[in-house]
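Reader: I would like a close look at one part of this predicted model. Please take the sheet and what surrounds it, and keep the account connected.

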Amino acid sequence: MSNGKQQTNNIGGQAVIEGVMMRGKKIYAMAVRNPEGEIVVEKKPVGGLGKKGLFRYPIFRGMAAFVDSLVTGTKILMRSAEIAGEGWEEEELSPFEQWLKDKLGDKINDILIYFSVFISLLLGMGLFFVLPVAIGNLFKTLVPTWALGIIEGLIRIAIFLGYLWLISRMKEIKRVFQYHGAEHKTIACFESGRELTVENVRPCTRLHKRCGTSFLLFVMLISMIVFFFVRTDVFWLRLITRICLVPFIAGISYEVIRWAGNSESSFVKIVSAPGLCLQKLTTAEPDASQIECAIAAMKGVLEDEPEE
């Protein structure tokens with residue numbers, strides 16, 4: 001990987017607790033630093049809905065990727081916490097937690113994962129769709145119906161930015177954002193064709209067009225366009241249509257960010273600029289130990305999926 005040629009790839013990633021996950025076409029590799037300071041690498045096959053039936057096609061594959069990322073993301077976050085010494089095995093369980101563990105055994109992890117995804121979806125829908133619609137409804141008598149979607153969209157973006165700013169102030173999240181930066185830098189180094197070393201990764205950019213942060217911003221912006229054409233002044237009907245159209249909007253956003261990640265045109269640079277600016281908030285400069293984790297995760301994928 002030292003040919004110096006620019007290349008594109010489909011490897012993506014995610015920051016986890018004290019580590020990084022890199023995902024290829026067939027497997028994902030997670031590298032986490034344990035309490036003893038060692039990097040633990042685990043690999044799992046990529047599963048989920050992708051490449052099954054309708055989910056092989058545009059828009060639908062984005063819907064599948066959205067669901068898969070929620071499930072897989074929650075799963076690896078929980079597993080990374082265990083490796084890093086922050087799992088519930090390290091804590092004294094309450095009587096109820098102990099009862100659940102005794103009754104469900106190994107199944108409890110899967111149940112907790114899907115329960116966490118369900119709760120996350122409920123909270124996300126409430127914060128980013130129900131609340132904006134409720135606030136936007138206050139303007140129903142002041143603006144035409146078509147403008148309600150735009151007002152809701154602006155409120156949604158404001159909530160999103162405020163949420164990111166607030167969590168970025170948390171000490172634990174700051175470390176996750178550093179690992180997020182390490183993930184992006186390592187992918188950038190690989191795409192540039194340079195050898196994966198700390199020295200080569202460190203000067204690379206921590207901003208990337210295929211980032212999940214950019215994806216979420218695209219969801220916000222595209223929802224404004226879609227909801228402009230889906231008009232009703234009935235509050236509950238407007239709320240139901242907003243929630244039902246979320247998978248469709250996620251599918252469109254996935255296609256947009258997939259296209260942007262494989263193009264260097266001036267138009268794409270303009271479209272990608274807001275998401276890249278936002279990544280300055282959700283990524284931070286990593287230290288050498290964090291970059292080592294990202295490199296270990298990347299090499300874990302490349303061992304099973306060597307570059308062409």
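**The sheet and its surroundings**

Author: Helix α11, residues 288–304, lies across β2, β3 and β4 and runs at about 155 degrees to β3. That is one helix set against the sheet in this predicted model; the sheet itself comes next.

Four strands make up an open sheet, ordered β1-β2-β3-β4, with antiparallel pairing. The edge positions belong to β1 (12–16) and β4 (39–45), and each has a single partner strand, so one side of each is left without a neighbour in the sheet. From one strand to the next the twist averages 15 degrees.

A second helix is α1, residues 60–83, which packs on the sheet and touches β1, β2, β3 and β4. The direction of α1 makes about 30 degrees with that of β3, while for α11 the angle to β3 is about 155 degrees.

The pairing can be followed strand by strand. Strand β2 covers residues 19–23 and strand β3 residues 27–33; they run antiparallel and are joined by five bridges. Between β3 and β4 the pairing is also antiparallel, with seven bridges. Methionine 30 of β3 appears in both pairings: the bridge partner of methionine 21 is methionine 30, and methionine 30 stands opposite glutamate 42 in β4. In a regular strand, side chains point to the two faces of the sheet in alternation.

The loops around these strands hold some backbone angles to note. Most residues other than glycine have a negative phi. Glutamate 18, in the loop between β1 and β2, has a positive phi near 55 degrees. With a relative accessible area of 21%, glutamate 18 counts as partly exposed, because buried means under 20%. Isoleucine 59 lies in the loop between β4 and α1, and its phi is positive too, at about 75 degrees, although the residue is not a glycine. The relative accessible area of isoleucine 59 is 23%, so this residue is partly exposed as well. In the hairpin of β3 and β4 there are five residues between the strands, and glycine 37 takes a positive phi near 90 degrees there.

The rest of the chain gives the setting. Its secondary structure comes to eleven helices and four strands. Of the 308 residues, 42% are buried. Among contacts with a separation of 6 or more, 70% are between residues 24 or more positions apart. The accessible surface of the chain comes to about 16500 Å², and carbon and sulfur atoms account for 63% of that surface.

One further feature involves two other helices. A probe the size of a water molecule, rolled over the atoms, shows where empty space is left. The count comes to one cavity of 30 Å³ or more, and the largest cavity holds about 30 Å³ of space. Its lining consists of Ser214, Leu217, Phe218, Leu221, Val271, Pro274 and Gly275. Helices α7 (212–229) and α10 (266–282) each supply at least two residues of this lining, and α7 gives the most, with four residues.

Key
Residues are numbered from 1 along each chain as its sequence is written. This is a predicted model: local features need pLDDT of at least 70, side-chain atom pairs count only at pLDDT 80 or more; totals for chains, interfaces and linings use all residues. Side-chain values use heavy atoms; hydrogens and water are left out. Buried means under 20% relative accessible area, exposed over 50%, partly exposed in between (1.4 Å probe, protein chains only). Contact means heavy atoms within 4.5 Å. Accessible areas come from the Shrake-Rupley method with a 1.4 Å probe; for residues, only the protein chains shown count as cover. Two strands pair if DSSP finds at least two bridges between them. Axes are lines fitted to C-alpha atoms, for helices over the stretch in contact, and angles run from 0 to 180 degrees between N-to-C directions. On a 1 Å grid over the protein atoms alone, a cavity is a set of points where a 1.4 Å probe fits but cannot get out, and a pocket is an open set with protein on both sides within 12 Å along at least five of seven lines; lining residues have an atom within 4 Å of a point. Grid points are joined across faces, edges and corners, and a volume is the space filled by probe spheres set on the points.
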